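Me: Please take a close look at a single part of this model. Then place that part in its wider setting.

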Amino acid sequence: MNYPVWDLATTGGGFWIALVAVTHVFVSHFAVGGGLWLVMVERRARRTGDAALRSFLKGHARFFLLLTMVFGGISGVGIWWTIALLNPSATSTLIHTFVFGWAAEWVCFLGEIVALLVYYYKFDTMAQRDHEIIGWFYFVFAWLSLFLISGIIAFMLTPGGWLENGNFWSGFFNESFWPSVVFRTSLAAMIAGMFGMLTGAWQRDTGLRQRVVRYSAVWVLAPFVVMILSGLWYVRALPEAQETMILERAREVAPWLRRFVWLTPMLLIGGLLAVAKLPRSVHQLLAVAVALLGFAHMGSFEFVREAGRRPWVIHGFMYANAVTRAEAAELQEAPFLQTARWARVKTVDNADPTIAGGELFRLQCSACHAVGGPMNDIVPLTAEFTEAGLDAQLVGQGRVAPYMPPFFGNAEERRALAAYLRQKLHGRPPETPPAAEPQTPALDIPPFDAENDEYVLLAWNNMGMHCLSDSDPWWVILPPANDLHAQLIRRGELPEVVTEEVTLVYRVEAGFEHPEKQVSFWKHARSNFGLDEDLPEGVGLSGNRVSGEMKLDEEKMMFAATLIPMAPYRDGRYHPYPICTVEARERQSGQILARTRVVVPTSTEMGCAKCHGGGWRVENRAGFTEETARRILKVHDKHSGTGLLAAAEAGKPRLCQSCHQDPVLGTAGQPGLLNFPAAIHGWHANYLTGQGADACAMCHPSDPAGPTTCLRGAHADSLDCTHCHGTLEDHALSLLKKENEAGKAGAERLMAHLAPRTVADLEEVVGRTPWLQQPDCTGCHTEAFIRPDPGEVSAFNQWTGGFEELYRVRTDDTGSLQCAACHGAPHAVYPAFNRWYGHDRDNLQPLQYQGNRRPIGAQGHCTVCHGIEMDFSVHHEGMIKSEN
Amino acid sequence: MPPNLIPRPDVLQVGWGWFQVLLTVTFTAHILLMNAMFGGAVVTLLGAARPGTGGESVARDMAGRVPTLVALAVNAGVAPLLFLQVLYGHLFYTSSILMARWWLAIIPVLIVGYYAAYGVYYRYETPLRPLWSLLAVGLLLYVSFMFANNNTLALRPERWIAGFENPSGAWLNLGEPTLWPRWLHMMVGAVAVGGLFAALVQDTRARRGIEGAAAARDWALRFFTHGSLIQMAAGLWWLMALREDVMRRFMGGSPLASALLVAGIATGVWAVVHAFQKKVRSAALWLVVTVTIMAVMREIVRIGYLDGVFHPETLTVVPQVSPLILFLAVFAVGIGCVVYMLKLAFRAAKEG
């Protein structure tokens with residue numbers, strides 16, 4: 001950055017520009033249209049011999065002179081003053097590019113002044129013809145001023161070919177120049193009519209008043225057609241980026257656009273009413289109302305026009321904070337403070353990063369944002385984010401929300417700015433996540449008599465962690481719905497998977513029996529899941545409770561209890577690892593054949609609050625607060641134009657996937673919308689760019705230091721989320737690419753600023769269907785399931801062909817044993833290490849059956865099922881190590 | 001001074017000499033009109049307080065002229081400010097930002113001052129006239145003081161470091177040794193020139209034989225004669241207050257600068273001599289010559305202060321001549337139109 005920044009903490013720059021510009025622009029348009037009005041009325045008075053009208057005209061000319069030449073003239077200089085103080089770089093560009101355009105406009109200004117002074121001071125002493133000639137001179141000079149200034153103002157919105165050739169004429173006669181000139185000319189005529197009504201309505205001579213007001217009302221009405229047609233021409237002339245910014249992207253503009261659209265017919269109605277013969281007081285009231293409406297109308301237009309060039313001050317050349325496109329490329333990751341000439345602080349002091357953060361705010365943000373002021377106040381805009389959330393917002397700035405410039409600077413500076421916003425502007429202390437404390441509960445492992453027991457019962461959770469959003473009064477992503485699978489094996493030299501004449505029951509451990517007392521899922525299930533009637537408390541979506549009987553899946557030769565409504569709370573505390581006891585019983589006698597225990601992991605550590613704030617509902621570590629849930633809807637409504645918050649407040653919360661199709665829930669969603677995983681990962685990848693597994697942990701319960709740490713299986717030793725799923729950018733692109741190929745409109749926007757990190761480019765990313773195409777185990781375990789070098793592995797892009805190839809439903813080579821039966825649940829494959837709730841909480845069955853933590857049958861423990869040692873790998877290649 | 005505080009300037013479309021000439025010429029026009037405006041306002045204030053004298057006659061006349069002079073002075077000020085920004089914008093914007101609060105306040109102050117000038121005119125016969133008059137003079141003084149601050153600050157990048165520490169825009173260049181003599185020189189000069197302008201008007205009336213006009217002229221002319229003598233002392237103070245290397249340019253160091261100083265003093269004295277002899281038109285003519293010389297000297301001072309820091313000849317030129325031709329054509333047509341309009345106006349005056 002080239003220039004010092006005026007510290008305008010309270011008001012910010014935008015307020016002053018808006019204040020000076022809108023008032024000046026209204027008066028300056030009057031100065032143009034009013035000139036024509038003067039000569040036309042004068043001619044009318046001459047032709048009709050209307051002495052009263054001519055006398056009135058002199059008074060109006062005085063009003064015109066005092067308003068346009070004093071206030072209009074000086075406030076015009078004031079705009080120059082203001083922009084030079086607030087954005088000297090842009091001002092310098094405008095001055096140097098159009099210096100002779102400005103100089104020509106100065107000549108017109110001189111002509112205007114001389115003409116108006118002569119017109120007014122010689123009103124009674126000049127020959128009428130000469131006087132009218134002076135009036136015409138005035139109008140022509142004034143209109144030429146409008147013509148010249150329009151070129152420069154339109155240039156800021158649409159610089160046209162100037163961006164390539166730097167040529168004066170290319171910049172001046174840009175895309176929006178001609179429609180802008182016609183549009184502004186029509187506005188100028190309307191405003192002239194408004195002021196004519198205003199002075200006319202105060203005339204005591206009733207006839208004169210009626211004539212002036214009616215004539216002026218025609219001036220308000222007549223240009224309407226031109227204004228509307230040129231307005232449409234204006235919009236059509238805009239390049240796509242500017243048009244999209246006005247009509248779709250810049251959300252804050254919508255109210256101004258609506259005001260402009262509404263005020264237009266109101267002005268028309270005001271003008272039409274004024275044509276009628278009305279009492280003086282009504283005319284006065286109407287004239288004031290139309291003038292105020294006209295002012296608001298003009299102001300709305302100027303706001304919308306300014307918004308169209310967001311985030312630029314000169315579109316495509318210089319951002320609103322004076323960083324040019326050429327500089328931006330160099331500043332994306334480089335230390336910004338070092339390059340800013342007028343930065344008082346050059347480095348981030350880790351002891352107090354808010355000092356550098358404050359300087360960054362001043363340099364990069366204060367041109368538009370106030371601190372506690374009337375326009376673009378940064379305080380409420382940042383109130384609903386945590387420090388991490390603000391950091392993410394800065395990362396995403398200029399991407400999916402393109403009305404903001406990108407943040408310039410390195411990660412340290414970005415975090416310093418986030419710290420300043422949160423700590424200094426909101427008075428919040430630095431954020432430190434609550435430390436989780438390991439527990440060492442006694443793990444009740446059922447006994448197993450290797451010599452005499454006839455059965456082995458293997459049970460597992462199908463996902464390794466089921467997340468649920470207990471935000472039900474507002475919205476829901478996932479209900480309490482855990483799947484528990486089990487296989488019963490009759491031991492012997494040739495073991496047999498037992499599916500007949502037995503029943504399998506499951507029972508959750510004490511403290512977890514009443515999820516309906518923990519979450520409000522049941523109160524809102526009908527609305528959230530579109531059910532015909534209320535769901536009985538404690539009963540899950542498939543009819544299962546937290547204890548019950550499992551159903552046989554004959555095809556997979558296993559028993560399953562689906563959608564168990566497990567909630568991760570016990571005694572008011574967060575506990576994501578409830579244990580179920582599973583028993584196999586002889587159907588007829590009820591005799592227990594085998595018993596085991598298994599973790600049914602379930603988590604509400606969904607990290608929305610980490611960025612969106614609102615806090616955690618339980619123990620400051622899990623669960624949705626009302627505030628967080630509300631904020632999510634609010635931000636969705638803001639960006640997607642939905643009305644979800646109002647619907648939820650009216651008692652009609654929704655399942656996110658009711659709009660965004662999702663294979664895991666089997667929802668069809670709304671045609672054309674991105675599927676849910678593509679939408680949510682695609683959106684957030686733009687805000688959590690450049691990170692590793694820590695990006696995953698911002699939302700999922702995978703933080704190694706968090707209260708859940710869901711990745712706890714053998715892979716956690718040396719791998720993290722990104723080794724299988726790719727980085728967040730990779731992950732998102734794999735989902736978005738398939739949606740883009742399917743013609744989903746939203747994908748391209750989310751992909752525009754994302755680059756894959758695990759592979760070279762987007763071409764190499766293999767698109768996939770969420771949930772059905774996941775990392776394939778054989779992508780890394782290529783030969784005989786040998787452990788590959790963890791330093792070189794990546795399962796990204798090596799997706800399963802479909803649902804049947806997923807680890808969680810895949811079987812061994814015999815087709816009878818589920819992979820997870822012996823290896824454990826995904827994300828918790830044996831040997832697992834549960835950091836917080838007992839190290840062996842996820843290893844109960846290996847410990848029960850073989851006294852170690854290895855997969856069932858590993859390390860020569862074939863005897864668990866076979867009773868004898870085996871010498872070949874029947875289940876999968878490489879199982880018997882001696883074979884290799 | 002941290003050299004990296006000086007912003008990078010932008011490129012020019014034609015050689016810097018074009019802009020330097022345009023800047024100097026238009027500034028001369030502006031300063032003459034500004035002097036007539038401010039001096040006129042002071043003469044109005046003081047003259048109106050002397051009922052029954054030539055002063056009152058001058059005040060009545062000038063009260064109607066000052067608002068027009070404000071309009072013309074502001075307009076004539078736009079052009080040099082534009083050309084100043086082309087050559088020295090990177091320095092001028094910076095100094096403006098350092099005193100941003102004071103600088104931006106010029107706009108509302110000038111609007112109120114301008115309306116106050118109309119207040120004097122339209123409310124001349126009311127008891128509020130002195131208040132309007134004082135308000136106009138006071139506010140215009142504020143504007144002039146801020147211009148003196150900014151123009152001196154833009155020449156002293158080494159002083160910017162103070163503003164660097166205080167970005168609230170509340171800073172003024174009060175420690176600058178040339179500030180006070182420069183402002184005093186300008187303002188006393190303005191009062192003198194305002195007196196001469198009023199005298200010129202009265203002289204024209206006197207030539208038409210209007211009663212009391214000669215006395216009014218003589219009353220107004222004293223502002224020029226006496227004011228010029230004080231102003232010369234202020235000019236000497238300013239000269240002495242200049243940074244030594246710059247001052248030495250006018251003391252023989254630079255033949256051109258020294259010659260201009262001598263010529264400026266000579267023509268100024270000559271103008272005063274004519275004024276003492278009641279040769280108002282000659283005095284006015286020599287005054288224009290003096291002010292033109294002083295405007296050139298002012299540019300020499302600017303370039304001298306910036307020696308080693310910046311010179312506009314170092315600016316990059318990416319030639320584009322057609323916009324200059326556009327301006328010259330518009331200027332020629334515009335001036336032609338103005339002349340025609342004034343012709344129509346004066347024809348009306350004669351007829352009226």
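Reply: Helices here are DSSP runs of H or I with at least four residues, numbered from the N terminus. The model is predicted. The part I pick is Met698(A). Met698(A) sits in a loop of chain A, with helix H25 (693-697) before it and helix H26 (721-725) after it.

Is Met698(A) buried or exposed? A residue counts as buried if 20 or more other C-beta atoms lie within 10 Å of its own. Met698(A) has 20 other C-beta atoms within 10 Å, so it is buried.

Which residues does it touch, apart from its neighbours within four places in sequence? Met698(A) is in contact with Gly607(A), Lys610(A), Cys611(A) and Leu688(A). Thr800(A) is 102 residues from Met698(A) along the chain, and their C-alpha atoms are separated by 26 Å.

Other loop residues of chain A invite the same check. Met557(A) lies between strand S10 (551-553) and strand S11 (558-564). Its 17 other C-beta atoms within 10 Å make it partly exposed. The phi of Met557(A) is near 55 degrees, positive although the residue is not glycine. Glu619(A) also lies in a loop, between strand S17 (616-618) and strand S18 (622-624). Glu619(A) has 15 other C-beta atoms within 10 Å, so it is partly exposed. Its phi is near 55 degrees, again a positive value in a residue other than glycine. Most residues other than glycine have a negative phi, and most peptide bonds are trans.

Now the peptide bonds. The bond from Arg310(A) to Pro311(A) is cis, with omega near 0 degrees. Pro311(A) is in the loop between helix H13 (280-308) and strand S1 (312-314) of chain A. Tyr830(A) and Pro831(A) are also joined by a cis bond, with omega about -5 degrees. Pro831(A) is in the loop between helix H29 (819-823) and helix H30 (844-850) of chain A.

Next, a strand. In a regular strand the side chains alternate between the two faces of the sheet. Strand S8 (residues 502-508) of chain A shows this alternation. Val502(A), Leu504(A), Tyr506(A) and Val508(A) point to one face and are buried. Thr503(A), Val505(A) and Arg507(A) point to the other face and are not buried. S8(A) runs antiparallel to strand S14 (residues 579-586) of chain A, joined by seven bridges. S8(A) also pairs with strand S9 (residues 547-549) of chain A, antiparallel over three bridges. Arg507(A) has a bridge partner in each: Thr581(A) in S14(A) and Ser547(A) in S9(A).

Step back to the whole chain. Chain A holds 31 helices and 19 strands. Its C-alpha trace spans about 130 × 55 × 45 Å along the principal axes. Of its 884 residues, 54% are buried. Among contacts in chain A with a separation of 6 or more, 69% link residues 24 or more positions apart.

The domain assignment gives chain A a domain 1 (12-310) and a domain 2 (326-425). Their C-alpha centres lie 38 Å apart. Where they meet, 11 residues of domain 1 are in contact with 11 residues of domain 2. On the domain 1 side, helix H1 (12-48) and helix H11 (240-249) of chain A each give two or more residues. H1(A) gives the largest share, five residues. That side divides into five nonpolar, four polar and two charged residues.

Chain A also meets chain B. The contact takes 57 residues from chain A and 56 residues from chain B. Helix H2 (51-86), helix H3 (88-97), helix H4 (99-121) and helix H5 (128-157) of chain A each supply at least two residues to the chain A side. H4(A) supplies the largest share, 17 residues. The chain A side divides into 37 nonpolar, 14 polar and six charged residues.

Last, the core. The largest nonpolar core has 386 residues, and Ala486(A), Leu82(B) and Leu196(B) touch the most other members. Helix H2 (residues 54-98) of chain B brings the largest share, 26 residues. Domain 1 (12-310) and domain 2 (326-425) of chain A each give at least three residues to this core. Leaving out residues up to four places away in sequence, Leu82(B) touches Ile95(A), Val99(A), Trp102(A), Ala103(A) and Trp106(A).

Key
Residues are numbered from 1 along each chain as its sequence is written. Chains are lettered from A and ligands numbered from 1 in the order in which they are written. This is a predicted model: local features need pLDDT of at least 70, side-chain atom pairs count only at pLDDT 80 or more; totals for chains, interfaces and linings use all residues. A residue is buried if 20 or more other C-beta atoms lie within 10 Å of its own, exposed if 12 or fewer, and partly exposed in between; C-beta atoms are placed from the backbone. Two residues are in contact if their C-beta atoms, placed from the backbone, lie within 7 Å. Two strands pair if DSSP finds at least two bridges between them. Domain bounds come from an automatic or database domain assignment. Ala, Val, Leu, Ile, Met, Phe, Trp, Tyr, Cys and Pro count as nonpolar, Asp, Glu, Lys and Arg as charged, and the others, Gly among them, as polar. A nonpolar core is a set of buried Ala, Val, Leu, Ile, Met, Phe, Trp, Tyr and Cys residues joined through C-beta atoms within 7 Å.
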